[in-house]
Amino acid sequence: MKNKKFLLLGLLLTAAIFLVGCTEAPKPAPTDAPVVTDAPSAVEEAVEEAKEAAEEVKEATEEAVEEAKDTVEGVVADAKEAIEELKNKVLAALEKKEPIELTLEELAHFNGKDGMRAFVAVDGIIYDMTDSPAWKDGEHNGNLAGKDLTKEIKEDSPHGIGKLENVVEVGKIKE
């Protein structure tokens, strides 16, 4: 529907421009009599049609923008709802001391921010860093919670995986 409107408006604009470019005053008659021409009225008409077409394009664009905003707002609301459901599911499992399974995409939400727990994965195991003073606000020495930090902890960390013995293992990464 929108594409048809834009196509129609484009055709109207093209026709208006073509009409403006094609209209020329009639050649003067070989007599000395004054020549009457309607070229100015054709130009005025084409300009008016172009203005109307431009207004229609503007209105169609505004409608499309509003529809896009509504769509984005709906998608954002759905995403927030899904994240809240995931959070509640994980919290319920933790409360029951049941192991959880998360994809890396799901793990990313548990970054220690906005009331979320701070989880990190190492070698496919998920650890809860929320209560660790070293992981305040989901961050520790430039590493962020919500990620697989296998390389960072095993290769770059001065203490290696030894410190993981002090935090709670809550589940594993789902493939």
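User: Which helix gives the most to the lining of the largest pocket?

Analyst: This is a predicted model, where local features need pLDDT of at least 70, side-chain atom pairs count only at pLDDT 80 or more, and totals for chains, interfaces and linings use all residues. Residues are numbered from 1 along each chain as its sequence is written, and side-chain values use heavy atoms, without hydrogens and water. A pocket is an open set of points on a 1 Å grid over the protein atoms alone where a 1.4 Å probe fits, with protein on both sides within 12 Å along at least five of seven lines; lining residues have an atom within 4 Å of a point. With three residues, the top contributor (helices are DSSP runs of H or I, at least four residues, and strands of E, at least two, numbered from the N terminus) is helix α4, residues 150-156.

User: What is the volume of the largest pocket?

Analyst: Among the 18 lining residues, the closest to the centre include Trp135, His140 and Lys163. The volume is the space filled by probe spheres set on grid points joined across faces, edges and corners. For the largest pocket this is about 340 Å³.

User: Which element gives the most to the lining of the second largest pocket?

Analyst: This pocket holds about 270 Å³. Of its 13 lining residues, those closest to the centre are Leu94, Asp128, Val168, Glu169 and Val170. Giving three residues, the element is β7.

User: In which sense do β1 and β7 pair?

Analyst: Strands pair if DSSP finds at least two bridges between them. Ile100 stands opposite Gly171 in β7. Over three bridges, the sense is parallel.
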